[in-house]
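Visitor: I'm new to reading structures, and I keep bumping into labels. Could you show me one and tell me what earns each label?

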Amino acid sequence: MLDNLTTRLARVVKTLRGEARLTEANTQEMLREVRLALLEADVALPVVREFVARVREKALGEEVAGSLTPGQALVGVVHKELTALMGGDLGPNASELSLAQQPPAVILMAGLQGSGKTTTTGKLARWLAEGGHTQGGRKTGRKKVLVVSADVYRPAAIEQLKTVAAQAGVDFLPSTADQKPEDIARGALDHARRYHYDVLIVDTAGRLGIDEQLMNEIRALHAILDPIETLFVVDAMLGQDAVNVAKAFNDALPLTGVVLTKLDGDARGGAALSVRHITGKPLKFVGVSEKLAGLEPFHPERMAQRVLGMGDILSLVEEAQKAIDVGEAQKLAAKLKSGDKFDLNDFRAQIAQMKNMGDMGSILEKLPAQFSQAAAQVDSKQAGKQIRRMEGILNSMTNLERSKPELLKASRKRRIAAGAGVQVQEVNRMLAQFEQMQGMMKQMKKGGLAKMMRAMGG
Ligand code: GDP
């Protein structure tokens with residue numbers, strides 16, 4: 001979903017590498033890419049405009065000093081705003097279904113024909129029956145669920161719900177095409193009360209387009225059932241049209257949430273980004289396959305991450321930020337500027353910072369999917385052990401040896417190796433790494449260490 005946004009953002013992040021801060025100019029360029037990506041994804045224009053304006057405002061105010069790269073800071077802003085756009089600003093549990101204290105909790109399903117209403121009714125029933133529902137983040141247990149169809153225009157629709165209910169393992173209340181939808185609703189409510197159902201889900205008729213009769217009918221059903229949840233089911237593949245339909249339903253009915261179906265077939269994903277903004281109602285579920293298991297509770301934060309294809313990169317950035325001691329890095333940079341040479345004491349300080357980055361394993365886990373393959377090849381325990389051994393070697397040296405590495409001849413190396421409990425070859429290997437680093441430092445003198453660290457982080 002929204003692959004273009006990911007690609008475009010990645011490109012901007014690369015061009016920003018090495019720049020010290022977010023400026024009017026480089027932010028402008030990034031915003032153009034974001035704007036284009038959103039339009040390509042078929043996000044509604046007013047949503048694009050407002051989103052870009054918000055990102056711009058936040059990005060320019062963003063303090064980049066602590067971040068590794070301005071590019072990452074920008075991605076961070078985009079991520080935050082995407083999350084908010086999709087309902088993250090409503091609170092962590094805004095996507096949860098509220099089920100009445102006094103059962104049965106009635107859920108009314110609304111939407112156009114073909115949107116996936118009946119399938120979603122079955123999916124939702126199964127999910128509730130299997131104990132998927134949470135309240136305040138906590139599971140509330142399995143529910144006793146009854147489903148009924150008030151679609152008297154298409155007998156096939158009633159049959160379809162019957163089949164789906166059987167697959168879902170929930171009870172189905174038969175209805176017939178010669179009944180009035182209002183009577184079906186009243187009968188179902190009575191039945192659900194009498195037999196102590198926790199939840200009653202009412203599937204309704206859809207039309208191919210929005211018409212007044214359909215709206216009147218569902219309004220009447222709403223009045224009879226007084227549902228705690230009125231879910232609007234919409235096909236993600238409609239793109240911008242999904243938003244128009246959502247708006248019409250939202251004007252006619254007090255919707256409590258939206259279910260976006262067929263997200264698996266929608267490469268652009270614009271509806272997911274627009275629908276909350278246009279209706280003001282939270283997305284509660286997404287349909288991700290035709291199968292009954294293909295329903296997922298919607299999490300704005302996770303969806304934003306999926307859109308950006310970046311795993312948990314933000315918390316990674318935060319962790320790395322914490323780990324790198326900016327003061328220490330600046331001291332080193334100042335030292336380089338003053339012409340002092342980079343010695344083994346500095347090398348030791350660098351290694352200590354690497355260790356501060358924490359358990360490499362936890363950092364690798366948070367890398368975006370693209371890197372996970374490479375990450376899997378790095379043995380993080382081994383890397384940690386390696387760092388500790390290098391520190392052991394450095395600690396076996398005298399201060400003089402660390403500040404004048406040229407003193408390290410064979411006999412001193414033997415003593416150091418013995419002190420650290422390693423072979424002499426390992427001391428040599430570490431010295432080679434040090435020389436490599438020293439060479440790099442010479443090159444970096446002009447740019448400064450902070451800049452190099454940013455480049456490594458990007
Ligand atoms: P209704 O007319 O609104 O009741 O729509 P249906 O429930 O009959 O669904 C219409 C079609 O969309 C069916 O072929 C479903 O299998 C399919 N469908 C529904 N939800 C999803 C989904 O999340 N993903 C995919 N790929 N297909 C879906």
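**Labels and what earns them**

Guide: Let's start inside a sheet: Leu-146 stands opposite Leu-200 in S6. Keep in mind that this is a predicted model.

Visitor: What makes S4 and S6 a pair of strands?

Guide: Two strands pair if there are at least two bridges between them. S4 (residues 145-149) and S6 (residues 199-203) are joined by 5 bridges and run parallel, so they pass that test. S4 also pairs with S5 (residues 171-173), again in the parallel sense, over 3 bridges. There, Leu-146 has Asp-171 as its bridge partner.

Visitor: How do you know that both faces of S4 are covered?

Guide: Side chains in a regular strand alternate between the two faces of the sheet. Now take S4 side by side: Val-145, Val-147 and Ser-149 are on one side, Leu-146 and Val-148 are on the other, and all are buried. That fits the count for the strand, with 5 of its 5 residues buried.

Visitor: Why is Asp-42 called buried?

Guide: The cut-off for buried is 20 or more other C-beta atoms within 10 Å. Asp-42 has 22, so it counts as buried. You'll find Asp-42 in the loop between helix H2 (24-40) and helix H3 (45-61). Asp-42 also has a positive phi of about 70°, although it is not a glycine.

Visitor: And why is Asp-226 called exposed?

Guide: Exposed needs 12 or fewer such neighbours. Asp-226 has 10 other C-beta atoms within 10 Å, so exposed is the right word. Asp-226 sits in the loop between helix H8 (212-225) and S7, and has a positive phi of about 45° without being a glycine.

Visitor: What makes Met-237 partly exposed?

Guide: Met-237 has 18 C-beta neighbours inside 10 Å. That falls between the two cut-offs, 12 and 20, so the label is partly exposed. Met-237 lies in the loop between strand S7 (229-235) and helix H9 (240-252). Its C-alpha is 7.3 Å from that of Leu-263, though the two are 26 residues apart in sequence.

Visitor: How do you know that the length of helix H7 agrees with what it should span?

Guide: H7 (residues 181-194) has 14 residues, and at 1.5 Å a residue they should span 20 Å. The end C-alpha atoms are 20 Å apart, so the two agree.

Visitor: Why do you say the buried residues of H7 line one face?

Guide: The buried ones are Pro-181, Ile-184, Ala-185, Ala-188, Leu-189 and Ala-192. Looking down the axis of H7, they fall within an arc of 130°, so they line one face of the helix. Asp-190 and Arg-194, on the other side of H7, are exposed.

Visitor: What makes the peptide bond from Pro-103 to Pro-104 cis?

Guide: Its omega is near 0°. Pro-104 is in the loop between helix H4 (70-85) and strand S1 (105-111).

Visitor: What kinds of residues form the shell around the ligand?

Guide: The shell has 1 nonpolar, 13 polar and 4 charged residues. Of the 18 residues there, Gly-116, Lys-117, Thr-118, Thr-119 and Gly-287 come nearest. Helix H5 (residues 117-129) gives the most, with 3 residues.

Visitor: Last one: what makes S9 mostly covered?

Guide: In S9 (residues 283-287), 5 of its 5 residues are buried. S9 pairs with S8 (residues 257-261) in the parallel sense over 3 bridges, while S9 and S10 (residues 295-297) run antiparallel, joined by 3 bridges.

Key. Residues numbered from 1 in each chain as written. Predicted model: local features only at pLDDT ≥ 70, side-chain atom pairs only at ≥ 80, totals over all residues. Near = placed C-beta within 6 Å. Helix = DSSP H or I, 4+ residues; strand = E, 2+ residues; numbered from the N terminus. Nonpolar A, V, L, I, M, F, W, Y, C, P; charged D, E, K, R; others polar. Expected span 1.5 Å × (residues − 1). Arc of directions from axis to C-beta.
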